[in-house]
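The following exercises ask the reader to work through a protein model with two DNA strands. Each task is followed by a solution in steps.

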Amino acid sequence: MPEGIEVEYYRQTALKALNRKIASIKTIDHKYLPGGCNPADLRDLLIENCFIEAERKGKILVLSISNHYKLGLRFGMTGRLLVDGSSAIDVLEYSSKKNKPQWDRLSIKFQDGGSLSIRDPRRLGAVQINPNLDTLGTDLYKITARSLSVVLKHSARPIKARLMDQSKIAGLGNLLTDEILWRSSIDPRRQSNMLSRNDKRRLLHHTIQTISELTDLGGSHMGNLQKHRVTGGLCPRDGAPLNRYNIGGRTTYSCPKHQK
DNA sequence: CTCGACTCCTGTTAGC
DNA sequence: TGCTAACAGGAGTCGA
């Protein structure tokens with residue numbers, strides 16, 4: 001699913017949509033417009049204007065419009081960004097392998113005949129005008145020893161829940177956190193404020209390393225643990241049967257043998 | 001303030 | 001073969 005890495009790919013896709021005049025809004029799903037915004041507002045905001053900049057914070061893609069407004073795009077669990085019909089990511093983990101235009105929840109036509117669309121089978125994404133980014137924590141590509149330490153210091157919550165808290169670190173989702181903690185040999189249920197100096201050192205190293213590596217490999221589903229995240233899966237490091245349980249409403253897999 | 005529980009959403013899949 | 005129910009997780013809300 002789209003975590004920070006995938007949305008960074010989408011940002012690069014979005015660069016192809018910059019400085020092209022918007023002619024019309026082809027589709028807009030009302031479920032995609034929460035809180036006081038209707039399709040007419042969105043049309044008024046976009047038509048005859050251009051996107052002039054594509055930025056990202058955590059899992060939100062922010063497109064600046066030539067009229068100084070900004071459009072925030074969230075992709076939920078299964079959303080992809082398409083520009084001129086193609087995406088940086090062909091198949092998304094846990095999403096459909098099919099690719100139907102009727103799943104376009106927002107579709108924008110440019111005057112040159114091209115388009116920008118969010119294609120999202122499960123409709124968990126959203127579009128927001130002038131999204132508030134202040135509630136988001138450190139972006140996943142900017143994590144430092146200091147920011148990680150601050151995130152963990154004052155909380156007795158499970159370490160995994162803390163890493164996935166977007167107000168603390170923005171951009172880590174379920175798959176990335178499972179992979180990072182697996183590599184770091186840390187049990188996801190450990191209390192955040194109880195990690196040793198050595199635990200934190202390993203966690204920092206593997207957080208930065210995993211994000212960088214999986215960005216190069218093509219997405220958050222490219223980790224070593226991923227294909228074993230199934231019931232009955234075995235740890236690819238030591239062969240132990242993986243534990244499966246729930247943290248913060250998310251299915252979690254960890255190795256009882258080497259994650260302590 | 002913290003934090004678990006619940007809700008939304010729908011394509012896929014397991015099981016009968 | 002066709003049906004139902006469980007499952008997936010990002011994010012917001014609510015109440016203890």
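Two strands pair if DSSP finds at least two bridges between them. The model examined here is a predicted one.

**Exercise 1. Determine how E6 and strand E7 are joined, and which residue in the turn has a positive phi.**

Step 1. Strand E6 covers residues 104–110, and strand E7 covers residues 115–119. The two pair in the antiparallel sense over five bridges.

Step 2. One pair of facing residues can be located: Leu106 stands opposite Ile118 in E7.

Step 3. Four residues separate E6 from E7, and the two strands form a hairpin. Within the turn, Gly113 has a positive phi of about 100°.

**Exercise 2. Establish the order of the strands in the open sheet that contains E6, and state which strands stand at its edges.**

Step 1. E6 also pairs with strand E1 (residues 22–28), in the antiparallel sense and over five bridges. Ser24 has Lys109 of E6 as its bridge partner, and Ile28 stands opposite Leu106 in E6.

Step 2. Four strands make up the open sheet, in the order E1-E6-E7-E5, with antiparallel pairing.

Step 3. E1 and strand E5 (80–83) each have a single partner strand, so one side of each is left without a neighbour in the sheet; these two strands stand at the edges. From one strand to the next, the twist averages 10°.

Step 4. A helix can now be added to the picture: H2 lies across E1 and E6, and runs at about 160° to E1.

**Exercise 3. Find where Glu48 and His68 lie, and decide whether each is buried or exposed.**

Step 1. Most residues other than glycine have a negative phi. Glu48 is not a glycine, yet its phi is positive, at about 80°. His68, likewise not a glycine, has a positive phi of about 80°.

Step 2. Glu48 is placed in the loop between helix H2 (39–46) and strand E2 (51–57). His68 belongs to the loop between strand E3 (60–65) and strand E4 (70–74).

Step 3. A residue counts as exposed if 12 or fewer other C-beta atoms lie within 10 Å of its own. Glu48 has 12 such atoms within 10 Å and is therefore exposed. His68 has 9 other C-beta atoms within 10 Å, so His68 is exposed.

**Exercise 4. Explain why the buried residues of H3 line one face of the helix.**

Step 1. In helix H3 (residues 145–153), the buried residues are Leu148, Val151 and Leu152.

Step 2. Seen down the axis of H3, these residues fall within an arc of 90°, so they line one face of the helix. An α-helix has 3.6 residues a turn, so residues three or four places apart point the same way.

Step 3. Arg146 and Lys153 are exposed on the other side of H3.

Step 4. The cover over the buried residues of H3 includes helix H4 (159–164), strand E10 (169–170) and helix H6 (197–217).

**Exercise 5. State how many residues surround each DNA strand, and divide them by class.**

Step 1. DNA strand B is surrounded by 14 residues, of which the closest are Ser96, Pro121, Arg122, Arg123 and Arg157. The surface near this strand has four nonpolar, four polar and six charged residues.

Step 2. DNA strand C is surrounded by 15 residues; Lys59, Leu124, Gly173, Asn174 and Thr251 are the closest. The surface near DNA strand C divides into four nonpolar, six polar and five charged residues.

Definitions and conventions: Residues numbered from 1 in each chain as written. Chains lettered and ligands numbered in written order. Predicted model: local features only at pLDDT ≥ 70, side-chain atom pairs only at ≥ 80, totals over all residues. Near = placed C-beta within 6 Å. Nonpolar A, V, L, I, M, F, W, Y, C, P; charged D, E, K, R; others polar. Buried ≥ 20, exposed ≤ 12 C-beta atoms within 10 Å, placed from the backbone. Arc of directions from axis to C-beta. Contact = placed C-beta atoms within 7 Å. Axes fitted to C-alpha atoms, helices over the stretch in contact; angles between N-to-C directions.
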